[in-house]
Amino acid sequence: MDFDRIIDRRGTHSVKWDMMQAAYGVSPEDGIAMWVADMDFAPPASVQRAVEAMAAHGVYGYFGDDRAYLDAIGWWMRERHGWTVDPSWIFTTHGLVNGTSMCIDAFTKPGDGVVLTTPVYHAFARVIKASDRQVVECRLKNGAGRYEMDFDAWDAQMTGRETMFILCSPHNPGGRVWTEAELKGVADFCRRHDLILVSDEIHHDLVYPGRRHTVMAKAAPEIIDRLVMMTATTKTFNIAGCHSGNVIIPDEALRKAFGKRMMAMGISPNSFGMNMAEAAYSPGGAAWVDQLMTYLDGNRKIFDAGIAAIPGLASMRLEATYLAWVDCSGTGMGAEEFTARVEKDARIAVNHGATFGSGGESFLRFNIATPRARVEEAVARLQTAFADLQ
Ligand SMILES: Cc1ncc(COP(=O)(O)O)c(C=O)c1O
C-alpha cells in the first residue's frame, strides 16, 4: 500500500475537503483538511475490486442473502478481537450514528438522561438532544495528558432519571484504549444505576502497536443482558461513505425491542455497504490494517514531536485512532485566538474542542490520517503560526 500517495479529494463531494471553506473559512486551494474523521487513503484492493465488480455488473437492485456478510463479521471478530458473535445478534444499520439514534429510541423514553463521558464524539449529544432526551455529561479526568474515568464523581451525579450510558471505546477524542479494569468499572457503574450500555467500538481496529483493545462483551460478560455492541468496517477501511454499521445485541429481549425499531424505520441494507464490508473483512484487509497502523504510528510521532516543539501546545499520546487531541491551554490564549491562528494563519481546518462537550474547550482535534508530507506541512505551518511563543 502506498499511503504516501496524494489523492486529490477536492470536487468529489467530500465533506472534509469540499465543505471546509463553508465550515471554517479555510480555502481548499491551499488549506489542509484535518477535521472530519475519514482518511485520505484508498481502501484495500479487495474493497476496490468489490466495487468494480458491482459497477461492471451494472444492475443495482435490492440486496438479499447476507450470509457471507455475517460470516465475514464472525471471522473478523474472532480473528482480530477474540470474540465469538452469533450471526443472529447482528443488525445492519445505516452507520453507527443511525445505530445510536435507534438505540436511544428503542431503550429510553423522552426526558430520560443519557450518560456521556466528555469530551466525547460530538454526534452523540446531537442525537440525544434531537431525540428529546437529556445529555448527562460525566467528565473524564485529564490525568497528566491521559483521560481517566472518575466513577466516584459520576456516582454522585446520578439522579435516577438516567437510563443509558454511551461508551466510546477506544475513546474519541484523546485516543484512550480502555483497560479491562476500566471497562469493568463502566459495567459495574451501569449495573449500579440500572443503565443500558451502548458500547461504540467503531475505532477498535485503529489501535497502535503495543496496545490491545478489549471488546466490552468479553470484558464484562456479566452485563450481557444490558449491553449493545456497535462495530463497523467504515472507520477501519475508510469507507464511511457507504454508511453501514453493525449493532450487535446478544440479549434476546433487547434484540426484540431493537428489531421492532428497525422495522418501524423501514431500514434495509445498502448493497454497496454490504459488498464493501464483506470484501474488507478478509486476510487482505487484515494485512492492510496492519500496514495502515504502522504508517499512522509514523505520522503520530512526527505530529507529536512537531507539537511538542511549540511552547504551550500539548498533544495527548494516542493509544488508538488517528485523531490527535491538542491542548492549547498552555498558550494562555482564548479559544478564539488559538483557533484563528490555526485556521487563518496556518490554513488548517480542525475540529473545535468545545463541540465535544465539557472538558474540550481548550482543545483542537487534528486528523493525521493523511499522506505524511501533509502532516509535515501542517506541523511546519503550526510552528510558524505560533512562532512568537518560542
Ligand atoms: C465514536 C464514533 N462513532 C460513530 C462515528 C460515525 O459513525 P457512522 O459514520 O457509522 O455514522 C464516529 C465518526 O467519527 C465516531 O468517532
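Pro-119 sits in the loop between β3 (113-118) and α6 (122-130). The peptide bond that leads into this proline from Thr-118 is cis, with omega near 0 degrees. The model is predicted. The points below cover the backbone in the loops, the surroundings of the ligand, and one pair of packed helices.

**Loops and backbone**

- A cis peptide bond also joins Asn-172 and Pro-173, where omega is about 5 degrees.
- Pro-173 belongs to the loop between β7 (162-168) and α8 (180-192).
- Asp-132 is placed in the loop between α6 and β4 (134-139).
- The phi angle of Asp-132 is near 60 degrees, which is a positive value in a residue other than glycine.

**Ligand surroundings**

- The residues around the ligand are Ala-37, Gly-95, Leu-96, Val-97, Tyr-121, Cys-168, Asn-172, Asp-200, Ile-202, His-203 and Lys-235.
- Asn-172 therefore has two roles in this briefing, since residues with a heavy atom within 4 Å count as near the ligand: Asn-172 is listed around the ligand, and Asn-172 is joined to Pro-173 by a cis peptide bond.
- Leu-96 approaches the ligand through its backbone, with an N or O atom 2.7 Å from an oxygen atom of the ligand.
- Asp-200 has a polar side-chain atom 2.6 Å from a nitrogen atom of the ligand.
- His-203 has an N or O atom in its side chain that is 2.8 Å from an oxygen atom of the ligand.
- The ligand taken alone exposes 400 Å², and the protein buries 92% of that area.

**Packing of α3 and α12**

- Helix α3 (residues 45-57) packs with helix α12 (residues 271-280) at an angle of about 145 degrees.
- The axes of α3 and α12 are 8 Å apart, and the crossing of the two helices is right-handed.
- On the α3 side, the contact is made by Ser-46, Val-47, Ala-50, Val-51 and Met-54.
- On the α12 side, the contact is made by Ser-271, Phe-272, Asn-275, Met-276, Ala-279 and Ala-280.
- Sorted by class, the contact of α3 with α12 has eight nonpolar residues, three polar residues and no charged residues.

Definitions and conventions. Residues numbered from 1 in each chain as written. Predicted model: local features only at pLDDT ≥ 70, side-chain atom pairs only at ≥ 80, totals over all residues. Heavy atoms only, no water. Axes fitted to C-alpha atoms, helices over the stretch in contact; angles between N-to-C directions. Helix = DSSP H or I, 4+ residues; strand = E, 2+ residues; numbered from the N terminus. Left-handed = near helix turned anticlockwise from the far one by under 90°. Contact = heavy atoms within 4.5 Å. Nonpolar A, V, L, I, M, F, W, Y, C, P; charged D, E, K, R; others polar. Polar contact = N/O pair within 3.5 Å; in protein donor to acceptor, adjacent residues only side chain to side chain. Areas by Shrake-Rupley, 256 points an atom, 1.4 Å probe, with all protein chains shown as cover.
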